[in-house]
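Me: I'm new to this one and would like a quick tour. Can we start with the empty spaces inside and go from there?

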Amino acid sequence: MTSPWFSGPTFEEMLNPGRIDPRVRETAGEAQAGDPLDPVNLYNISWTGPDGRIRYEVLPQELTGVDAPIVALYSVDFPTGSHKVGAAYAVAAEMALDGDLDPARHTLVWPSTGNYGIGGAWVGPRMGFPSVVVLPEGMSRERFERIESYGASLIKTPGTESNVKEIYDRVRRLEADPDIRVMNQFELMGNYRFHYYVTGNTGVALAAELERKGVGNGRFAAFVSAIGSAGTIAAGDRLKQEWVDLKTVGAEPVQCSTLYNNGYGSHEIQGIGDKHVTWIHHVTNMDAIVCVDDSDCLKGLQLLTAEAGIEVLSGRGIPHEKTAAMARIFGISGVANVLAAIKTAKFYGFGPSQPILTVCTDAIDRYGSVMSEMPDRFGVMDDEEAHRRTRIFADQAVDWIKEGTPEVRRQWHNLKYYTWVEQQGKSVEDLDAQLDEGWWLSEQEQVREIDDRIRAFRSN
């Protein structure tokens, strides 16, 4: 039985907010600025703004240095400032519809390395649940502050971005309490479905819009996304259904190159690279993995957001409105995605009619403490240094790239064994079922059924 407290948008309404009841949509629009903690803001989870426009930027060639247009969906205007809130909502909504959540009894636990935890800290209390976020102690100060401001509590685990096993170990101890419900983004398919349906179909609509504006040919040549939970890259599955020759390209840090060469280590691209292959990652549908250097991402973010960098970029002919927009929408992982997209464009030789889609997963507002450390680490970024840093983008080399041949894809799949069978209780039969494309299609097809259940519940 579904719980009587549950309310929120369908996948279709998150994709097309125009289909939300006009009264609810108006109330949600007013709450977005006036009362961002009001639960009605669940209806603001979308890549599309109140004006009906998809939120994106076509990045200037003066920055990227490649002929292929690089297009970034940006999520700073989502509730919480990151699209991960959509994945958090989808995971909780699906569990609620299955009758496994009761706000009078259950506490939600959100294992995360950052943005998903922030999303869960916001979603859980908005749905009436006490919430606990488990994440590494080495994340940015702003992440911890935002989680607590949304009404959730924190458990900090040892390490940094890539220390996910430590998160799992802590969560396993929490699960001994029968009133705990774990919202595991790395395993639960609501995360996959949100990005397959909402992000993926937003990309399909955006390609047509870009063509009307003279950008591209009505399709994307590639979708590039860093690997964290592997939720966002699920959009590539939908885009590849629309354009069978589209390249789905994952990105990870050189410093923690798990898919590239079974690598491990710590890195500073908060939000990606977790030393394991997630359960929801459709690795047999990925065409390549590209590695980027975390110091390039940090320096590149400072170039895009600091005054000296913005002035240098403006001096290269980039309009002020474009530099202002980029300063607003980028975080560290967004820069990582763009650097990987540049490498992808060079590797495949994409030209002016072959745009590449990528994502800015969060923005500079949660990295002030990281940026304040930059002068001590890398020196002051004056005008001369800013000019040098523009080469970070244009000079990305065609290296650290591995194509997803059938053999390599099977290797990526096999890496799931060590986390999910040995540690997390899946069976080998569960694992090998994912080798069948029908397994993934059945997960995708559940979107319509879930939407029907949400609408039916709301009508009661």
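Reply: Sure, one term before we start: Ala, Val, Leu, Ile, Met, Phe, Trp, Tyr, Cys and Pro count as nonpolar, Asp, Glu, Lys and Arg as charged, and the others, Gly among them, as polar. This is a predicted model, where local features need pLDDT of at least 70 and side-chain atom pairs count only at pLDDT 80 or more, while totals for chains, interfaces and linings use all residues. Residues are numbered from 1 along each chain as its sequence is written, and side-chain values use heavy atoms, with hydrogens and water left out.

Me: OK, how does the lining of the largest cavity divide up?

Reply: Six of the lining residues are nonpolar, 14 polar and two charged. A cavity here is a set of points, on a 1 Å grid over the protein atoms alone, where a 1.4 Å probe fits but cannot get out, and lining residues have an atom within 4 Å of a point.

Me: And what volume does the largest cavity have?

Reply: About 190 Å³, taken as the space filled by probe spheres set on the points, with grid points joined across faces, edges and corners. Closest to its centre are Lys-84, Gly-228, Ser-229, Gly-271 and Ile-272, out of 22 lining residues.

Me: How many cavities of 30 Å³ or more are there in the whole structure?

Reply: Three. The second largest has a volume of about 70 Å³. Its lining has 10 residues, with Ile-227, Glu-252, Thr-258, Asp-274 and His-276 nearest the centre.

Me: Back to the largest one: which helices and strands supply at least two residues each to its lining?

Reply: Helix 5 (115–126), strand 7 (222–226) and helix 14 (332–348). Those are DSSP runs numbered from the N terminus: helices are H or I with at least four residues, strands E with at least two.

Me: Is helix 14 mostly covered or mostly open?

Reply: Mostly covered, with 15 of its 17 residues buried. Buried means under 20% relative accessible area, exposed over 50% and partly exposed in between, using a 1.4 Å probe and protein chains only. Right after helix 14 comes Gly-349, with a positive phi near 70 degrees.

Me: New topic. Where does Arg-377 sit, and what does it touch?

Reply: Arg-377 is in helix 16 (residues 374–378). Leaving aside neighbours within four places in sequence, Arg-377 is in contact (heavy atoms within 4.5 Å) with Glu-268 and Leu-298.

Me: Why is Arg-377 called partly exposed?

Reply: Because its relative accessible area is 39%.

Conventions:
On a 1 Å grid over the protein atoms alone, a cavity is a set of points where a 1.4 Å probe fits but cannot get out, and a pocket is an open set with protein on both sides within 12 Å along at least five of seven lines; lining residues have an atom within 4 Å of a point.
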